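The following dialogue asks how certain structural terms are justified. Each answer sets a value against a criterion and then concludes.

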Amino acid sequence: MVIGGDAAGMGAASQARRLRPDLDIVALERGLHTSYSACGIPFLVGGEVASADDLVVRTPQDFRERHRIDVRLRHEAQAIDVDRREVEVRDHEHGRTVRVGFDQLVLGVGAVPRRPAIDGIDLPHVHGVQTLDDGIALVDAIGESCHRVVVIGGGYIGLEMAEAFVRRGCDVTVVEAAPEVLGGLDPDMGSMVSAAMRRHGIDVRAGVAVTSITADAVVTADGEIPADLVVLGLGVVPNVDLARDAGVTIGPSGAIAVDRRQSTDVDGVWAAGDCGESHHLVSGRKVHIALGTHANKQARVAGTNIAGGYATFPGVVGTAVTKVCDTEVARTGLNEREAAAAGFRFRSARIESTTRAGYYPGAEAITVKLLAEEGTGRVLGGQIVGREGAAKRIDVIATVLHARFDVDEMTALDLSYAPPFAPVWDPVLIAARKAAEALAR
């Protein structure tokens, strides 16, 4: 049995089906959709994606007919009895509660938006955006009278939603309690993103806390911000209530504790995706990083093991990219705060370059920051802010982290070069060279 009908749950179910055609597989989903791209919701809101159906990778009917997976929509798991191997399920379609047995259980229940305990957080014009149903509800809420939008939180989803409403011609304010947006970046890099947002007319109010929400405003310590619509972009927390109540161990990250095979400490119960924790390959710590890339890989591992095979998920480095208007942003590994918390002594280097040869038409600005450990020179993390062609360079740094390269090994990488694609010294290699120089001082 699978609880959760998106990437982790249905990915595990599909992999188990490929390897074991004889299995009976039931998938419980409390919403109306399966296997959709939650990452595409901001682009649905902004109008780049025309229909919610375009975000659906595989429909419930596809799973039923082509994969023989018994998908049950509007079926919400309410309790797990690990001793009797049963799940208590609320069938919202028929208004009844039933119990469904299982031999193996996959928890793919995802994460839920952070909702601060402030007055007005449950007003009807306040929207969290986590599921496709949430996205559809938000699109439906946008009417001709929606002109002023306040996004609370300056994380990835907050920035993408801000751009979506700018595209719709709305006046957008982003309120972030931290000193800068995108807390995964160091403040000096985050300030570049804030500046880019302001250039596009987004009112960024960093270092400002929200105290309450009213029917027509968001109230902060600095005063009221008029709002026809409020979107929560405060990030997510792992959805662990079902697991905790069933006696499954919750790890130090606050997510469900799993081993390398995605197994929990309860026999026959597995977890994957945004509800579970991962091993960070740089810090060595258990972390909760909610990304679809991790969910799909972990689902494949869980499905393989459930089917009697053997697969492991080694861990993550926290690689992520986003875009706000014409500015691309990326990060991987550890930022300065995280590196210090993990006990590393390190040096950092920040460089400015261009995405193509400087003389080639279309060359855009790019800033790369790299962290390296003192003594060993090991690369610990990287951040990139720039225009078109900047962000995907983060994948080079992510690969370096997986390989545990030091800055000299990174500098020697044989990367491609041609004027339409890069300077002769690619920006990430310049950053590695400068980090080596900083370590030598």
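Q: What makes strand β14 and β15 a pair, and in which sense do they run?
A: In this predicted model, strand β14 (residues 217-220) and β15 are joined by 4 bridges in the antiparallel sense. Two strands pair if there are at least two bridges between them, so β14 and β15 qualify. Within this pairing, A217 stands opposite P226 in β15.

Q: Why are β13 and β15 called edge strands?
A: The open sheet has the order β13-β14-β15, with antiparallel pairing among its 3 strands. β13 (210-213) and β15 (223-226) are its edge strands, as each pairs on one side only. From one strand to the next, the twist averages 25 degrees.

Q: How do you know that β5 and β6 pair, and how many bridges join them?
A: Strand β5 (residues 86-91) and strand β6 (residues 96-101) share 6 bridges and are antiparallel. At least two bridges are required, and therefore β5 and β6 count as a pair. One of the facing positions is E88, which stands opposite R99 in β6.

Q: What lies between β5 and β6 in their hairpin?
A: The hairpin has 4 residues between β5 and β6. In the turn, G95 has a positive phi of about 65 degrees.

Q: Which strand pairs with β5 over 6 bridges, besides the hairpin partner already described?
A: β4 is joined to β5 by 6 bridges, and these strands run antiparallel. D81 has E86 in β5 as its bridge partner. The resulting open sheet of 3 strands has the order β4-β5-β6. Its edge strands are β4 (75-81) and β6, each pairing on one side only. Neighbouring strands of this sheet are turned by 25 degrees against each other on average, direction ignored.

Q: What makes R433 count as a charge over the ring of W425?
A: R433 lies over the face of W425, at 4.6 Å from the ring centre. The distance limit is 6 Å, so the value of 4.6 Å for R433 satisfies it.

Q: How many aromatic pairs does the structure hold?
A: The structure holds 0 aromatic pairs. A pair needs ring centres within 6.5 Å, so no two of the rings considered meet that criterion.

Q: At what angle do helix α1 and helix α8 pack, and is their crossing right-handed or left-handed?
A: Helix α1 (residues 7-19) and helix α8 (residues 292-306) pack at about 35 degrees, with their axes 7 Å apart. The crossing of α1 and α8 is right-handed.

Q: Which residues of α1 and α8 meet?
A: Among them, A7, A8, G11 and A12 in α1 meet residues of α8 including A295, N296 and A299. By class, the contact of α1 with α8 has 8 nonpolar, 5 polar and 2 charged residues.

Note on methods: Residues are numbered from 1 along each chain as its sequence is written. This is a predicted model: local features need pLDDT of at least 70, side-chain atom pairs count only at pLDDT 80 or more; totals for chains, interfaces and linings use all residues. Side-chain values use heavy atoms; hydrogens and water are left out. Rings of Phe, Tyr and Trp (its six-membered ring) pair if their centres lie within 6.5 Å; planes under 30 degrees apart count as stacked, over 60 as edge-to-face and the rest as tilted. A charge sits over a ring if NZ of Lys or CZ of Arg is within 6 Å of the ring centre and within 35 degrees of the ring normal. Axes are lines fitted to C-alpha atoms, for helices over the stretch in contact, and angles run from 0 to 180 degrees between N-to-C directions. A crossing is left-handed if the near helix is turned anticlockwise from the far one by less than a right angle, and right-handed if clockwise. Contact means heavy atoms within 4.5 Å. Ala, Val, Leu, Ile, Met, Phe, Trp, Tyr, Cys and Pro count as nonpolar, Asp, Glu, Lys and Arg as charged, and the others, Gly among them, as polar.
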